[in-house]
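Reader: Please take me closely through one part of this model, the antiparallel sheet of chain A and the core beside it. Keep the sentences short and give me the cut-offs.

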Amino acid sequence: MNNIILSGFNPEHGNIIFNILSKNNLDCRIINENIETKLFKKKDNFFVIMGVYKIDDLKQIRLITTNASNHNYIFGILENNRSLNFTSSFYSQLPLFYLPPEEKELKKIASIIKQKIKNDNSEKSLFNGLKKLNINFEWTTSELKVSKISNFLAELLKKSGYYKTTTEIAHSVLAIEEALVNSIEHGNLELDSSLKQNGVLFNDKYEALKLKRLNDPKYKNRKIKISITIDKGNSSISISDEGKGFNIAKSDVIHNTINKPTFKQIMEHSGKGISLINKAFDDVQYNSKGTEIILINKKK
Amino acid sequence: MDIELKKSENTLTIVIDGNIDSEGGQKLSAKFQEIAEMNDIKNIILDLTTVITTTSSGIGKILNFFKHIDANGGSMEINGISDSLYNQFMEIHLNRIFPIKKVN
């Protein structure tokens, strides 16, 4: 498959890179016109090798890597421009190489690309044909690592074929984070979001009470239970806490009014997370007590 | 998530690079506090070109920061935002609070 794209190199550098990669059994093609539009449309994961010669090239790279983040990017940087080298390193998930291109360096890049293709294929084959998966976790409130567990759960959904683009994964990671933070802060720690609306810059009251309760055995030892199930192409993530229960009716009011909120409602802090959760999943359900949220994705 | 500051007279451009998750939100809070203590800054430009999404807590922090800037007679706008984050912000009508411009 022709899955390597070269773009933004001057003709001399472009030809050298093309020839070296071809010699290493990697098929590539050169696309210089409308590269961003072409990449935005492609849903498969391509290796995109781009030339960075001047500061303006970085602006284009920023735009492309953000809006077509499903691809793997490698940058060829003009060797004598240190600032380009420094800034580009933020955008690249794979090693950089320098221009003018050298065979030794490009051989390394070729072997990294081959290894990545091999790893991706082996991960895919592991999940191919997976019929059923069910994992249960339990943590105490003070020990749950919200970001790590959110990334892990979203990654499982991705590997099981739910998400194709990095944007979809990013939304689901943060929606899971949102649900976990709600269970911890408003569930087990019983923190009222009205404390956030005191008009000061840094929610000192809310943060101070959160810290206090995270050290109070009455609150910190309460459990958060998480379960992820993938079955016949459907998936669900259940998160439950040991708090007093979330007022579901109130959440509906917030979500419904958010379509035409007042200036005050926009400025207030609650309700925005629920809208993010609803957007990232096909269906969101709660138990009647309001201590469990279930994030559901249906077979596509 | 990384935060870069660019100062020009009494305007400060804050470039946020990466998604604002719960850890990023704490970083953002600390940076906003630092900026709030700079007395010579009146106008704030937020560049969110490479932020795909944010938690509600991240939005809350941006709103609280806006409140602080506004209360001190300054202005704030977003200049540069990814399509995905733009949609997220428009859904909750943040454009009614401060200007949101898509392109740099």
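Author: What follows starts with conventions, turns to that sheet and its core, and then adds the surroundings. This is a predicted model, in which local features need pLDDT of at least 70, side-chain atom pairs count only at pLDDT 80 or more, and totals for chains, interfaces and linings use all residues. Residues are numbered from 1 along each chain as its sequence is written, chains are lettered from A and ligands numbered from 1 in the order in which they are written, and side-chain values use heavy atoms, with hydrogens and water left out.

Chain A has 12 helices and 10 strands. Helices (H or I, at least four residues) and strands (E, at least two) are DSSP runs, numbered from the N terminus.

Now the sheet. Its 5 strands follow the order β6-β7-β8-β10-β9 in chain A. The sheet is open, and the pairing is antiparallel. Two strands pair if DSSP finds at least two bridges between them. β6 and β9 (283–286) of chain A have a single partner strand each, so one side of each lacks a neighbour in the sheet. From one strand to the next, the twist averages 10°. Axes are lines fitted to C-alpha atoms, for helices over the stretch in contact, and angles run from 0 to 180 degrees between N-to-C directions.

Take the pairings in turn. β6(A) and β7(A) run antiparallel and are joined by 9 bridges. There, A:Asn136 has A:Ser227 of β7(A) as its bridge partner. β7(A) and β8(A) also pair in the antiparallel sense, over 7 bridges. Here A:Ile226 stands opposite A:Ile239 in β8(A). The hairpin of β7(A) and β8(A) has 2 residues between the strands. In that hairpin, A:Lys232 takes a positive phi near 50°.

A helix covers this sheet. α6(A) packs on it and touches β6, β7, β8 and β10 of chain A. The direction of α6(A) makes about 10° with that of β7(A).

Next, the core. Nonpolar side chains tend to be buried together in soluble globular proteins. A nonpolar core here is a set of buried Ala, Val, Leu, Ile, Met, Phe, Trp, Tyr and Cys residues joined through side-chain atoms within 4.5 Å. Buried means under 20% relative accessible area, exposed over 50%, and partly exposed in between (1.4 Å probe, protein chains only). The largest core has 37 residues. A:Leu180, A:Ile226, A:Ile237, A:Phe281 and A:Leu295 have the most contacts inside it. Elements of chain A giving two or more residues to this core are β6 (132–140), α6 (146–159), α7 (166–188), β7 (223–231), β8 (234–240), α12 (272–280) and β10 (292–297). α7(A) supplies the largest share, 8 residues.

A:Ile226 deserves its own look. Contact means heavy atoms within 4.5 Å. With neighbours within four places in sequence left aside, the contacts of A:Ile226 include A:Ile135, A:Phe137, A:Trp139, A:Leu153, A:Leu180 and A:Ile237. Another core lies apart from the largest one. That core has 31 residues, among them B:Leu12, B:Met76, B:Ile92 and B:Phe98.

Chain A holds a second sheet. This open sheet has 5 strands in the order β2-β1-β3-β4-β5, and the pairing is parallel. Its edges are β2 (28–30) and β5 (97–99) of chain A, each with a single partner strand, so one side of each is left without a neighbour in the sheet. The twist averages 25° from one strand to the next. Strand β1 (residues 4–7) of chain A runs parallel to β2(A) and is joined to it by 3 bridges. A:Leu6 has A:Ile30 of β2(A) as its bridge partner.

A:Ile74 is in strand β4 of chain A. A:Ile74 counts as buried because its relative accessibility is 1%. Its C-alpha atom lies 6.0 Å from that of A:Leu96, 22 residues apart along the chain.

α3(A) lies across β3 (47–52) and β4 (72–78) of chain A, at about 160° to β3(A). Its buried residues include A:Leu58, A:Ile61 and A:Ile64.

Finally, chain A overall. Of its 300 residues, 45% count as buried. Among contacts between residues at least 6 apart in sequence, 64% join residues at least 24 apart.
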